[in-house]
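Let's take a walk through this structure together. Please have the sequence and the 3D view open as we go.

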Amino acid sequence: MVKAIVVGAGGRMGRRVIHMILQTPGVGLVGAVEKEGHPVVGRDAADLAGEPEIGIVVSSDLKQATDGAEVIVDFTAPEVSLKSLEIGVQRKLAVVIGTTGFSPEQMERVRTLGPRTRSVIAPNMSVGVNVMFKMVEEMARALGDDYDVEILEAHHRFKKDAPSGTAIKLGETVARALERDLEKVGVWSRKGFIGERNPREIGMAVIRAGDIVGEHTVMFGGIGERLQVTHRAHSRDNFARGAVKAALWVVKQPEGLYDMQDVLGIRGKG
Ligand code: NAD
């Protein structure tokens with residue numbers, strides 16, 4: 001049995017990951033961590049996920065919680081996930097990070113630390129979205145420069161980073177396939193008399209409303225037709241299922257920094 005701990009245990013994702021670990025054969029929960037002073041510290045971890053108590057109490061001491069663990073699963077905030085990764089490297093534990101919103105500098109740190117243990121980082125752990133990454137890459141290559149690329153994402157009102165990590169990765173994937181640089185061609189908002197669209201730009205639009213779990217559309221707009229692909233997450237359980245799949249997979253891999261396309265065996269060319 002793979003021994004896992006969950007960091008961010010009281011969060012929207014943390015609770016679903018605990019639930020999924022308890023439901024999945026071959027993986028067991030040996031620890032759960034929340035930030036100091038959070039009301040769930042001291043509570044039974046399974047209780048947070050609406051399951052019968054298992055005697056694992058939520059702790060605010062990450063180092064101690066990793067005693068006897070093999071893999072850390074972390075859905076928190078960038079600086080917290082970097083700490084998990086540092087501890088994973090020090091203690092030779094596998095690390096699965098679902099957190100988004102890393103700055104370029106923080107991402108550089110992930111790229112330095114990640115390969116020094118077995119790690120998976122992915123802005124979206126759902127199978128459908130990872131198939132979508134692969135599909136949009138092929139669509140962009142096939143359609144080429146004659147089609148305008150627009151990316152739209154919608155999430156719940158509590159989400160802190162924008163655009164979503166998934167939308168950025170979709171943008172980067174399409175940009176790479178079209179031999180463009182998202183940093184240079186991304187258009188992050190439009191207002192006023194902005195003139196005609198530059199054919200090379202990639203538009204990124206963001207909606208925040210209510211309890212939308214997560215929706216992403218990539219649109220290729222041509223003259224006389226448009227092709228678009230949309231993914232809608234119905235619940236957080238598909239992300240949690242992906243995270244548990246990643247945890248079970250990564251403990252068997254050599255040291256390295258992987259993403260969900262590696263976990264699912266669907267890596268694209270880009
Ligand atoms: P959330 O705010 O509900 O949960 C984050 C939790 O982390 C909170 O409970 C917070 O108290 C806890 N936390 C903060 N500091 C901590 C610390 N030092 N130690 C331990 N815990 C700490 O947010 P959420 O909706 O669960 O999302 C969390 C992250 O996961 C976000 O970055 C989000 O974008 C991302 N996310 C990724 C995927 C994916 O598939 N990769 C899916 C959904 C959300």
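Where is the place of I97? You will find I97 in strand β4. Keep in mind, as we look around, that this is a predicted model.

Is I97 buried or exposed? Its relative accessible area is 2%, and since buried means under 20%, I97 is buried. Its surroundings are worth a look. Setting aside residues up to four places away in sequence, I97 touches D74, S81, L85, F102, V120, I121, A122 and M125. You can also locate N124, which lies 27 residues from I97 along the chain; the C-alpha atoms of I97 and N124 are separated by 10.0 Å.

One of the residues touched by I97, L85, leads us on to a pair of helices. Helix α4 (residues 78-91) packs with helix α5 (residues 104-113) at an angle of about 15 degrees, and their axes are 10 Å apart. Angles under 35 degrees count as roughly parallel, and α4 and α5 are therefore roughly parallel to each other. The crossing of α4 past α5 is left-handed. On the α4 side you will see P78, E79, L82, L85, E86 and V89, which meet Q106, R109, V110 and L113 in α5. Sorted by class, the residues of this contact are six nonpolar, one polar and three charged.

Now let's turn to another helix pair. The axes of helix α6 (residues 127-143) and helix α7 (residues 165-177) come within 8 Å of each other and cross at roughly 30 degrees. That makes α6 roughly parallel to α7. Here α6 passes α7 in a right-handed crossing. From α6, the contact uses V129, M132, F133, V136, E137, A140 and R141, while α7 brings T166, K169, L170, T173, V174 and A177. These residues divide into eight nonpolar, two polar and three charged.

A third pair joins helices that lie far apart in the numbering of the elements below: α1 (residues 12-23) and α9 (residues 237-250). The axes of α1 and α9 come within 9 Å and cross at roughly 60 degrees. How are α1 and α9 oriented to each other? With that angle, they are oblique, and α1 passes α9 in a right-handed crossing. The residues making the contact are M13, R16, V17, H19, M20 and I21 of α1, together with D237, F239, A240, R241 and V244 of α9. Their classes are seven nonpolar, one polar and three charged.

V17 is a good place to pause. Leaving out its neighbours within four places in sequence, V17 is in contact with V6, V73, F75, A240 and V244.

From here we can step back to the nonpolar cores. In soluble globular proteins, nonpolar side chains tend to be buried together. The largest nonpolar core of this model has 40 residues, and V17, I21, V71, V96 and V120 are those with the most contacts inside it. Which elements give two or more residues to this core? They are β1 (2-7), α1, β2 (27-33), α2 (45-48), β3 (71-74), β4 (94-97), α9 and α10 (260-264). The largest share, eight residues, comes from α9. Apart from this core lies another, of 22 residues, including M132, Y147, L170 and L178. You have already met M132 and L170 in the contact between α6 and α7.

Note on methods
Residues are numbered from 1 along each chain as its sequence is written. This is a predicted model: local features need pLDDT of at least 70, side-chain atom pairs count only at pLDDT 80 or more; totals for chains, interfaces and linings use all residues. Side-chain values use heavy atoms; hydrogens and water are left out. Axes are lines fitted to C-alpha atoms, for helices over the stretch in contact, and angles run from 0 to 180 degrees between N-to-C directions. Helices (H or I, at least four residues) and strands (E, at least two) are DSSP runs, numbered from the N terminus. Angles under 35 degrees count as roughly parallel, over 145 as roughly antiparallel, 65 to 115 as roughly perpendicular and the rest as oblique. A crossing is left-handed if the near helix is turned anticlockwise from the far one by less than a right angle, and right-handed if clockwise. Contact means heavy atoms within 4.5 Å. Ala, Val, Leu, Ile, Met, Phe, Trp, Tyr, Cys and Pro count as nonpolar, Asp, Glu, Lys and Arg as charged, and the others, Gly among them, as polar. A nonpolar core is a set of buried Ala, Val, Leu, Ile, Met, Phe, Trp, Tyr and Cys residues joined through side-chain atoms within 4.5 Å. Buried means under 20% relative accessible area, exposed over 50%, partly exposed in between (1.4 Å probe, protein chains only).
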